[in-house]
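Biologist: Could you take me through one part of this model up close, and then show me how the rest fits around it? I'd like the core first, then a single helix in detail.

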Amino acid sequence: MTALTAAGVRVALGGVPVVRDVSFSVGDGEWLTVIGPNGAGKSTLLHAVAGLLPFTGDVRWHGDDPAGLHRRQRSRRVAVVPQHPVVPTGMSVFDYILLGRTPHLPFLGRESPADLSVVAAVCERLDLTGLAGRRLDTLSGGERQRVFLARALAQLSGAGRALLLLDEPTSALDIGHQQEVLELVDSLRRDGGLTVVSTMHELSVAGEYADRLLLLAAGEVVAAGPPAEVLTVPLLTRHYRANVMVVDTSAGPAVVPVRPGR
Ligand SMILES: Nc1ncnc2c1ncn2[C@@H]1O[C@H](COP(=O)(O)OP(=O)(O)OP(=O)(O)O)[C@@H](O)[C@H]1O
């Protein structure tokens, strides 16, 4: 089954077209990563398909029009980790992650022991147990980024088929935590009914984890397909204006920046 379909999606911000007629689909359990240079429209596209921005065109989540779903239903089916979430001052890490359980609580009800267990388990998996009592606004950038993902995973835990939309989820993480987070997301989508759409600037890593890449430039899809078809010198040179070489490795194509003239 198709988990996400976008057909002819257009978004204008401040009267300027930012996403232009973008169409793609993502299969159940698939991982699609949107790449492209700064300002290409990646975050805007992600927010539009999440139903967080007005757009024209058609978006379906497992065949349903999100506009026809109640807010709680939407939050049980799609979680978004934005690039720069608003950080509430004074809130503990545990309480912030617990907010992810809100769509699962009965009307005017409190969190159950099961909700608290979900949060504890997510903290454990993301190496956050030792930070659970800390105030969120005292964490480092990378620690916070893991907390934002943890909240999204708590939100989708037990939700069945769900979409996880990640905007630059590992931009602040060291290489060890980057691997830990991406492996966790990968394992959840392999055995947890999760479908993943992310944006990413680290092209080799993007290609290693995604089944398919969508290359966006100036709001339009200019290439789409398996990493080996998109991470090519001609496409990257043209759309990033970068001097690169692409090396075939056992982990897939590795994109290496090369100083011009060398
Ligand atoms: N409110 C706004 N009004 C006008 N233009 C906007 C507004 N918000 C974003 N833009 C523009 O829309 C374009 C796409 O922005 P977006 O954040 O989607 O790009 P991106 O591909 O995610 O970039 P990056 O890789 O730098 O994060 C940019 O040129 C940006 O300046």
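Modeller: Sure, and keep in mind that this is a predicted model. Let's start at Leu164: setting aside neighbours within four places in sequence, Leu164 is in contact with Ala79, Ala152, Leu156, Val185, Leu194 and Val196. Leu164 belongs to the largest nonpolar core, which has 74 residues, and it is among those with the most contacts inside that core, along with Leu45, Ile97, Val122, Ala150, Leu163 and Leu165. Helix H5, residues 141–156, supplies the largest share of this core, eight residues.

Now for the helix, H4, where Val122 from that core list turns up again among the buried residues. H4 covers residues 113–125, and at 1.5 Å a residue its 13 residues should span 18 Å; the end C-alpha atoms are 18 Å apart, so the two agree. Besides Val122, the buried residues of H4 are Asp115, Val118, Val119 and Cys123. Look down the axis of H4 and those buried residues fall within an arc of 135 degrees, so they line one face of the helix. What do they pack against? The buried residues of H4 pack against helix H3 (93–98) and H5, and H5 is the helix that gives the core its largest share. Turn to the face of H4 that points away from the buried side and you find the exposed residues Pro113, Ala114, Ser117 and Glu124. After H4 comes Asp127, with a positive phi near 60 degrees.

Next, the ligand. The residues around the ligand include Leu13, Gly14, Val16 and Val18, then Gly36, and the run Asn38, Gly39, Ala40, Gly41, Lys42, Ser43 and Thr44. Strand S2 (16–27) and helix H1 (42–49) are the elements that give two or more residues to this shell, and H1 gives the most, with three.

Over in strand S9, residues 220–225, sits Gly225. Gly225 has 13 C-beta neighbours inside 10 Å, so it counts as partly exposed. Not counting residues up to four places away in sequence, Gly225 touches Arg212 and Val230. Leu214 is eleven residues from Gly225 in sequence, and the two are 6.8 Å apart in space, C-alpha to C-alpha.

To put all that in context, the unreviewed UniProt entry places the feature "domain: ABC transporter" at residues 4–243. Over residues 4–243 the chain is 36% helix and 25% strand, with the end C-alpha atoms 34 Å apart.

Methods: Residues are numbered from 1 along each chain as its sequence is written. This is a predicted model: local features need pLDDT of at least 70, side-chain atom pairs count only at pLDDT 80 or more; totals for chains, interfaces and linings use all residues. A nonpolar core is a set of buried Ala, Val, Leu, Ile, Met, Phe, Trp, Tyr and Cys residues joined through C-beta atoms within 7 Å. A residue is buried if 20 or more other C-beta atoms lie within 10 Å of its own, exposed if 12 or fewer, and partly exposed in between; C-beta atoms are placed from the backbone. Helices (H or I, at least four residues) and strands (E, at least two) are DSSP runs, numbered from the N terminus. Two residues are in contact if their C-beta atoms, placed from the backbone, lie within 7 Å. UniProt positions are given in the numbering used here, feature names are shortened, and annotations may be inferred rather than shown by experiment. The expected span of a helix is 1.5 Å times one less than its number of residues. The arc is that of the directions from the helix axis to the C-beta atoms. A residue is near a molecule or strand if its C-beta atom, placed from the backbone, lies within 6 Å of it.
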